[in-house]
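Please open the structure in a viewer and keep the selection panel at hand. The tour proceeds from the whole chain to individual residues.

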Amino acid sequence: MRHLMNPLDFTVEELDALFDLANDIEKNPGKYAHACEGKKLATCFYEPSTRTRLSFESAMLSLGGQVLGFSDAASSSASKGESVSDTIRVISCFADICAMRHPKEGAPMVAASKSSIPVINAGDGGHQHPTQTLTDLLTIRSLKGRLTHFTIGLCGDLKFGRTVHSLINALVRYPDIHFVFISPPELKVPDYITDMLGERGIRYQEVIRLEECMADLDMLYMTRVQRERFFNEEEYVRLKDFYILNKEKMSLAKDDMLILHPLPRVNEISVEVDDDERAIYFKQVQYGVYVRMALILTLLGLA
Ligand code: CP
């Protein structure tokens, strides 16, 4: 039995097979419409979500399976003090596979250690968000045809952003990737990440202004400043609109640069950018369903 806690749990070759399957699902959805008949997915979400929870549910329903779960810790027995370890033992009696989001880093890992069904980390605190990373990689591979040889800018909250941490971890395994980290000093990427890049000899730059690097980027991964990760509201208010990507800044970018965003967006991408064909963040959401379908099939041994 396999779980998914971190994008690195899959080798590059296994990821290629997963993405090939996701692309086949995209082209031939009817072939997979009954693949999970009789199987159930539990979504255990202790933190808010729109995309991740509903795309998991949409994925399982599109495979002919069924879904159950909770979307709020307050409506689960966690509110009475039940541990994640006990909850997953119970969920193992109800479902064949579980996607779990939790505000505490490592909670899905604790669940996996006590589970008799595959557990998927659907985001744990500021740590990892592996299925968002699978979504990002599938989007890039499908639209650019490769996961190698590009310069990617990551902009916004690089300190707390689990999508950013997961994506960097995954991309370092591909050749000739150059990172540009764009953040205010207060939200810069953690030292353990820059140390790891240094040890591996991977090129990176840290800049404060988007305008400094727009023209160099093949991809720009925008992120929101996350109110829920701040201890101090004043600090959040000071930093929340630090970056606003608008048409003027887009005019500095390459004609084929892609703009990704894990969403939800707040103000960091102006809605006037949505009609730019380089803005692919809503297409990215659709790839998230295909890759979660491929992941469910793979972890259930049905691929
Ligand atoms: N991208 C993402 O994780 O979105 P949700 O928080 O809506 O699931």
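The stops below take in the overall fold, the ligand site and two points of backbone geometry.

**The whole chain.** Begin with the complete protein chain, bearing in mind that this is a predicted model. In a cartoon representation, 10 helices and nine strands can be traced. The radius of gyration is 19 Å, close to the 19 Å that the globule rule gives for 303 residues, so the chain is as compact as a globular protein of that length. Aligned on its principal axes, the set of C-alpha atoms fills a box of roughly 55 × 45 × 40 Å.

**The ligand.** Select the ligand next; its location is the largest pocket. To display its surroundings, select Ser49, Thr50, Arg51, Thr52, Arg101, His129, Gln132, Pro262 and Leu263. Coloured by class, this shell shows two nonpolar, five polar and two charged residues.

**Polar contacts to the ligand.** Which atoms of the protein should be inspected here? At Thr50, show the backbone: one of its N or O atoms lies 2.8 Å from an oxygen atom of the ligand. At Arg101, show the side chain, where a polar atom is placed 2.9 Å from a ligand oxygen atom. At Leu263, return to the backbone, of which a polar atom is 3.0 Å from a nitrogen atom of the ligand. With the protein surface switched on, note that 90% of the 260 Å² of accessible area that the ligand has on its own is covered by the protein.

**From Leu263 to Pro264.** Remain at Leu263 and add Pro264: the peptide bond joining them is cis, with omega about 5 degrees. Pro264 belongs to the loop between strand 9 (258-260) and helix 10 (281-299).

**Asp176.** For the last stop, select the loop between helix 6 (162-171) and strand 6 (177-182), where Asp176 is found. What is the phi of Asp176? Its value is positive, about 60 degrees, although the residue is not a glycine.

How values were computed: Residues are numbered from 1 along each chain as its sequence is written. This is a predicted model: local features need pLDDT of at least 70, side-chain atom pairs count only at pLDDT 80 or more; totals for chains, interfaces and linings use all residues. Side-chain values use heavy atoms; hydrogens and water are left out. A residue is near a molecule or strand if one of its heavy atoms lies within 4 Å of it. A polar contact is a pair of N or O atoms within 3.5 Å; within protein, one must be able to donate a hydrogen and the other to accept it, and residues adjacent in sequence count only if both atoms are side-chain atoms. Accessible areas come from the Shrake-Rupley method with a 1.4 Å probe; for residues, only the protein chains shown count as cover. On a 1 Å grid over the protein atoms alone, a cavity is a set of points where a 1.4 Å probe fits but cannot get out, and a pocket is an open set with protein on both sides within 12 Å along at least five of seven lines; lining residues have an atom within 4 Å of a point. A molecule sits in a cavity or pocket if more than half of its atoms lie within 2 Å of its grid points. Ala, Val, Leu, Ile, Met, Phe, Trp, Tyr, Cys and Pro count as nonpolar, Asp, Glu, Lys and Arg as charged, and the others, Gly among them, as polar. Helices (H or I, at least four residues) and strands (E, at least two) are DSSP runs, numbered from the N terminus. The radius of gyration is taken over C-alpha atoms; the globule rule is 2.2 Å times the number of residues to the power 0.38.
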